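Hi,

Here is the structure I said I would pass on. Have a look at it first, and then read on for what turned up when I went through it.

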Amino acid sequence: MTDNYTFLAKRFYLLFFLIVFPSLVPASTRCGLDALLTNKFTTFKGKRVALICNQTSRTLRGEFAPDIFLKQRGFSLVAIFMPEHGLNGSRKAGMKSDTTEDYRGIRVYSLYGTTRKPTKVMLRGVDAIVFDLQDIGVRSYTYLSTMILAMESAAENKIEFIVLDRPNPLGGERIEGNILDTTLRSFVGQVPIPYIHGMTLGELAKMAKGERWFRNAEKLKLTVIPMQGWSRTATWDKTSLEWKATSPNIPTFESAVGCAMFGAIGELGELSVGVNSDQPFLRLGSRLVSRDELFDAVKTSLSNELTITQEDFTVSYGDSVKTYNGIRISLPKNISAVSDLYSGEFKLFSTLLRDTIFAKAFDSVPFSSKRMFEKVTGTSILLRAFQAGSDVGTIIHSWKQDELTFRTRRKKYLLYQ
């Protein structure tokens, strides 16, 4: 009885505190979708709307964007577009689909199949395209490319484009890596920005229009619905938001950080980066070198703020399972304390190439994999250095100028302090 009374008393005093002293309660990060809901969709009045969304398109309370749109009066939802991984985020990376689906009577089109850009037919009768996807903060993640191509389509078809902004999970200050070589422009590298860019998709939409990174950019009517309660120094774990898997191999915020660290090197296939394991992008494994050798290379290549432990792991490839000599990566509580996320993977690979067996296997990596590595990294220089056995330190150091250049260039497009 006493315990119950104590519990109820604590609840009462907590509620009293929240009501009387609301200014002392930490502010919640409210995404663009929440802001739109608070404003009762006034900017949408009379419009026929197409929504680019997936399973991450939710309010602070977890409500799904299409469901919210369908409840509103004053405008109509006439089409839905889904990016790579589908509407519910279950499709594996690279799995193309031209399937036209239906969601509660609304036609759902794929933007990851024969076409990756909304066509004139798909946009028939549409007055505004609304974009609401959670990004992970790296250039190669394809939701950014989906946004850029959709903006281009909107400009071509004289349709308004509205971005419901969401946080950059890596924060708004971290910028790392080279600016994309535009001769390597692809769906995993659409615009000339560093690999870790430190911007939200709303900010990048403004920059893409302002810098004319797509055709007819000057003709696009662009609106960004900003977040509330988010600052540039806030990584995802410092927000009040619940992580929703952005794709099958990004089930957690920690995996998003891991993707920034190891997503590029995984394209070469020499190392497993934990994709299809129990902890994607938080494991490193090899079947070519011993666990001890891998551990020593990792220890000397990656940031000292990371905790590195030896731990073998298995990866599922369809019906087969492979076991790797493994390393597990544990992140510190404060992600911002990690001095360098991106370059360590290249130092690691360069170190492992000193092993004769590993180097010989690298020579046999298919051209398609090497080409994808170039597209993801946005440069051909790294691959040439690996092939020549050269030190990558000078290359990595040269990125500092790109980072400084971009930091200055982006200033006028920033929405948050």
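Cysteines first: the sulfur of cysteine 53 has its closest cysteine sulfur in cysteine 31, and the 14 Å between them is too far for a bond. A disulfide would need the two sulfurs within 2.5 Å. The structure as a whole holds zero disulfides. Cysteine 53 is also buried, at 0% relative accessibility, and cysteine 259 counts as buried too, at 8%.

Bear in mind that this is a predicted model. The mean pLDDT of the protein chain is 93, with 94% of its residues at 70 or more. The part to be careful with is residues 1-26, where the pLDDT is below 50. Beyond near neighbours in sequence, that stretch has four contacts in the model. Where pLDDT is low, the predicted coordinates should not be read in detail.

Now the helices towards the end of the numbering. H10 runs over 367-377, and its buried residues are Ser369, Lys370, Phe373, Glu374, Val376 and Thr377. They cover an arc of only 165 degrees around the axis, so they sit on the same side of H10. Phe367 and Ser368, on the other side, are exposed. I did notice that a phenylalanine is on the exposed list while a lysine and a glutamate are on the buried one. The cover over the buried residues of H10 includes H8, H9 and H11. Just after the helix, glycine 378 takes a positive phi of about 70 degrees.

H11 (residues 381-388) can be read in a similar way, with Leu382, Leu383, Ala385 and Phe386 buried. Those residues line one face of the helix, because they fall within an arc of 160 degrees when you look down its axis. Arg384 and Ala388 are exposed on the other side. What do the buried residues of H11 pack against? The partners are H8 (344-352), H9 (356-363), H10 and H12 (393-409). Here too a glycine follows: glycine 389, just after H11, has a positive phi of about 70 degrees.

H8 has a residue you may want to look at, glutamate 345. This glutamate is buried yet has no salt bridge. The nearest side chain of opposite charge belongs to arginine 139, 9.5 Å away, whereas a salt bridge would call for a nitrogen within 4 Å of a carboxyl oxygen. So what does glutamate 345 touch, leaving out residues up to four places away in sequence? Its contacts are Leu302 plus Ala260, Met261, Phe262, Gly263, Ala264 and Ile265.

Met261 comes up again with leucine 331, which is in contact with Met261, Glu254, Val257, Leu282 and Leu306, its neighbours within four places in sequence aside. Leucine 331 is in the loop between strand E11 (320-330) and H8. From leucine 331 to glutamine 228, 103 residues apart in sequence, the C-alpha distance is 27 Å.

One last residue: serine 286, in strand E8 (residues 283-286). Serine 286 is buried, its relative accessible area being 0%. Outside the residues up to four places away in sequence, it touches Leu271, Leu294, Tyr324 and Asn325. Its C-alpha is 11 Å from that of glycine 266, 20 residues apart along the chain.

Over to you!

Key
Residues numbered from 1 in each chain as written. Predicted model: local features only at pLDDT ≥ 70, side-chain atom pairs only at ≥ 80, totals over all residues. Heavy atoms only, no water. Buried < 20%, exposed > 50% of the residue type's maximum accessible area, 1.4 Å probe, protein only. Helix = DSSP H or I, 4+ residues; strand = E, 2+ residues; numbered from the N terminus. Arc of directions from axis to C-beta. Contact = heavy atoms within 4.5 Å. Lys, Arg positive; Asp, Glu negative; His and termini not counted. pLDDT = per-residue confidence, 0-100.
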